[in-house]
Amino acid sequence: MSNRHTIILMQTSQSRATRTFMDYDSISQAMDGICGLYERKLKDLNPATGNITYDIADLYNFIDGLADMSALVYDHRIQAFLPYDRQWIKQKLFQHLKKLAH
């Protein structure tokens with residue numbers, strides 16, 4: 001999963017003004033970025049809580065709660081970005097977190 005430039009596209013609400021993107025050097029860094037985004041939201045919602053924990057289902061619910069989320073991953077073979085949907089992102093997150101746990 002290394003060295004594959006990844007752009008995460010997201011829209012947090014139905015308003016087009018909430019469209020944004022996050023740019024990463026690899027799929028792995030993109031998955032860390034999504035986790036960090038969720039963790040920052042949890043801290044904003046629970047400012048008095050020192051140690052926040054969550055499980056993969058919570059992370060999936062966060063992703064499903066967004067108006068839209070997708071990824072563009074650079075493929076060196078064809079020298080173009082390939083699009084992936086939120087289901088693919090959730091699969092990659094699961095694999096990434098599983099690898100971190102071991």
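**Exercise 1.** Determine which residues of H2 meet which residues of H3.

*Solution.* The model is predicted; local features require pLDDT of at least 70, side-chain atom pairs count only at pLDDT 80 or more, and totals for chains, interfaces and linings use all residues. Residues are numbered from 1 along each chain as its sequence is written, and side-chain values use heavy atoms, without hydrogens and water.

Step 1. Helices (H or I, at least four residues) and strands (E, at least two) are DSSP runs numbered from the N terminus. With contact defined as heavy atoms within 4.5 Å, H2 contributes Ile56, Leu59, Tyr60, Ile63 and Asp64. Their counterparts in H3 are Arg86, Ile89, Lys90, Leu93, Phe94 and Leu97.

Step 2. This contact comprises 8 nonpolar, no polar and 3 charged residues (nonpolar: Ala, Val, Leu, Ile, Met, Phe, Trp, Tyr, Cys and Pro; charged: Asp, Glu, Lys and Arg; polar: the others, Gly among them).

**Exercise 2.** Establish how the axes of H2 and H3 are arranged.

*Solution.* Step 1. The axes of H2 (residues 56–65) and H3 (residues 86–101) come within 11 Å and cross at roughly 155° (axes are lines fitted to C-alpha atoms, for helices over the stretch in contact; angles run from 0 to 180 degrees between N-to-C directions).

Step 2. H2 and H3 are therefore roughly antiparallel, a term for angles over 145 degrees.

**Exercise 3.** Describe the sheet and the placement of H3 on the strands.

*Solution.* Step 1. The open sheet has 4 strands in the order E2-E1-E3-E4, with antiparallel pairing (pairing requires at least two DSSP bridges).

Step 2. Strands E2 (19–24) and E4 (80–84) stand at the edges, each with a single partner strand, so one side of each lacks a neighbour in the sheet.

Step 3. H3 lies across E1, E3 and E4, at about 70° to E3.

Notes: Angles under 35 degrees count as roughly parallel, over 145 as roughly antiparallel, 65 to 115 as roughly perpendicular and the rest as oblique.
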